Amino acid sequence: MNGALISCIVPVFNGELYLAEALESILKQSYRPLEIIVVDDGSSDGTAAVVQRYGDRVRYLRQNNSGPATARNLGLSAVQSDFVAFLDADDLWHAEKLARQMARFEARLELDVCVAHVQNFWIPELREEEERLRDNRVSKPLPGYVTGTLLARRSLFETVGPFNVALPHGDSTDWFLRATELGAVIELSPDVLSYRRLHQANRSRQMAFASRSEYLQLLKTSLDRRRRQDGAIP
């Protein structure tokens with residue numbers, strides 16, 4: 001397993017402002033070999049130009065604007081590896097992220113997914129919000145059951161299926177729930193290996209109410225599936 005290729009998929013929509021930092025955090029990974037795939041979700045800004053600066057170090061795919069779940073699925077269809085990771089275009093990875101996670105796969109051959117803790121950080125323009133939330137849980141390291149911390153076997157997506165494109169907000173939550181229901185072996189690293197940038201255009205910020213409603217429905221749907229599996233409901 002040592003030296004196995006990891007495909008790093010970066011979905012992006014109008015992300016020229018932070019995309020280069022995200023790509024640099026992948027290129028600075030101590031682990032090799034890597035494949036980087038940027039999936040442009042119909043951007044109208046300078047996203048494509050940012051990617052072009054990296055030449056053949058980054059593969060570029062483009063689709064009509066269809067949402068992050070569709071972009072991640074397109075990236076998955078193009079990978080050439082046994083392991084897959086995702087990084088949103090406005091977030092960052094710790095330089096040892098993939099190395100530490102791959103070490104867990106080497107230590108536990110039954111492992112399907114490794115996730116890690118995530119640390120939020122604020123852009124300078126939101127310094128007042130950062131100060132106000134200094135003692136809030138969102139300022140502390142959080143268990144990262146999200147795509148940005150995930151390293152998974154590519155074969156697991158053949159079992160669990162792709163991300164649900166009908167879910168504008170909860171596609172990653174839905175995927176983790178389905179993986180858990182199917183018995184995937186998931187390990188949470190205690191390390192902070194991903195950093196989520198908080199800014200004015202975060203999807204979760206712009207669509208907070210819809211996100212909460214969708215997550216509650218996902219949990220109910222998952223519970224209903226488990227009850228059916230247990231024979232508790234017809």
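Q: How many of the eleven residues of α7 are buried?

A: In this predicted model, nine of the eleven residues of α7 are buried, and the helix is mostly covered. The buried set consists of Asp171, Ser172, Asp174, Trp175, Phe176, Leu177, Arg178, Ala179 and Glu181. Charged residues are part of that list, including Asp171, Asp174 and Arg178.

Q: What partner does aspartate 174 have in a salt bridge?

A: The general idea comes first. Side chains of opposite charge can pair when their charged atoms come close. Here, aspartate 174 pairs with arginine 178, with 2.9 Å between the closest N and O atoms. Both aspartate 174 and arginine 178 are buried.

Q: Where do aspartate 174 and arginine 178 lie with respect to the turns of α7?

A: An α-helix has 3.6 residues a turn, so residues three or four places apart point the same way. Aspartate 174 and arginine 178 are four residues apart in helix α7, which means that about one helical turn separates them.

Q: Which residue forms a salt bridge with aspartate 171?

A: Arginine 72 does, and the closest N and O atoms of the two are 2.7 Å apart. Because arginine 72 belongs to helix α3 (residues 68-78) and aspartate 171 to helix α7 (residues 171-181), this pair ties together parts that are 99 residues apart in sequence. Arginine 72 and aspartate 171 are both buried.

Q: How many salt bridges does the structure hold, and what does the one between arginine 104 and glutamate 187 tie together?

A: The structure holds eleven salt bridges. In one of them, the side chains of arginine 104 and glutamate 187 meet at 2.5 Å, N to O. Arginine 104 is in helix α4 (residues 97-107) and glutamate 187 is in strand β9 (residues 186-198), so the pair links parts 83 residues apart in sequence.

Q: Is arginine 104 buried, exposed or partly exposed?

A: Burial is read from relative accessible area, with under 20% taken as buried and over 50% as exposed. Arginine 104 has a value of 31%, so this residue is partly exposed. Glutamate 187 is at 13% and therefore counts as buried.

Q: Which residues are joined into one network by salt bridges that share partners?

A: Arg104, Arg108, Glu110 and Glu187 form that network.

Q: Where is threonine 147, and what is in contact with threonine 147 beyond its neighbours in sequence?

A: Threonine 147 sits in the loop between β7 (142-144) and β8 (151-153). Its relative accessible area is 4%, so threonine 147 is buried. With neighbours within four places in sequence left aside, its contacts are Arg72, Phe86, Phe163, Ser172 and Phe176. Among these, Arg72 is the salt-bridge partner of aspartate 171, while Ser172 and Phe176 are buried residues of α7. Threonine 173 is 26 residues from threonine 147 in sequence, yet their C-alpha atoms are 8.8 Å apart.

Q: How many bridges join β6 to β9, and do the two run parallel or antiparallel?

A: Nine bridges join β6 to β9, and the two run parallel. Valine 115 stands opposite leucine 188 in β9. Strand β6 (residues 113-122) is mostly covered, with nine of its ten residues buried.

Q: Which way do β7 and β8 run with respect to β6?

A: Both run antiparallel to β6. Three bridges join β6 to β7, where histidine 117 stands opposite proline 143. Two bridges join β6 to β8, where valine 113 stands opposite alanine 152.

Q: What phi does glycine 183 take, just after α7?

A: Glycine 183 takes a positive phi of about 85°.

Notes:
Residues numbered from 1 in each chain as written. Predicted model: local features only at pLDDT ≥ 70, side-chain atom pairs only at ≥ 80, totals over all residues. Heavy atoms only, no water. Buried < 20%, exposed > 50% of the residue type's maximum accessible area, 1.4 Å probe, protein only. Contact = heavy atoms within 4.5 Å. Salt bridge = Lys/Arg side-chain N within 4 Å of Asp/Glu carboxyl O. Pairing = 2+ DSSP bridges.
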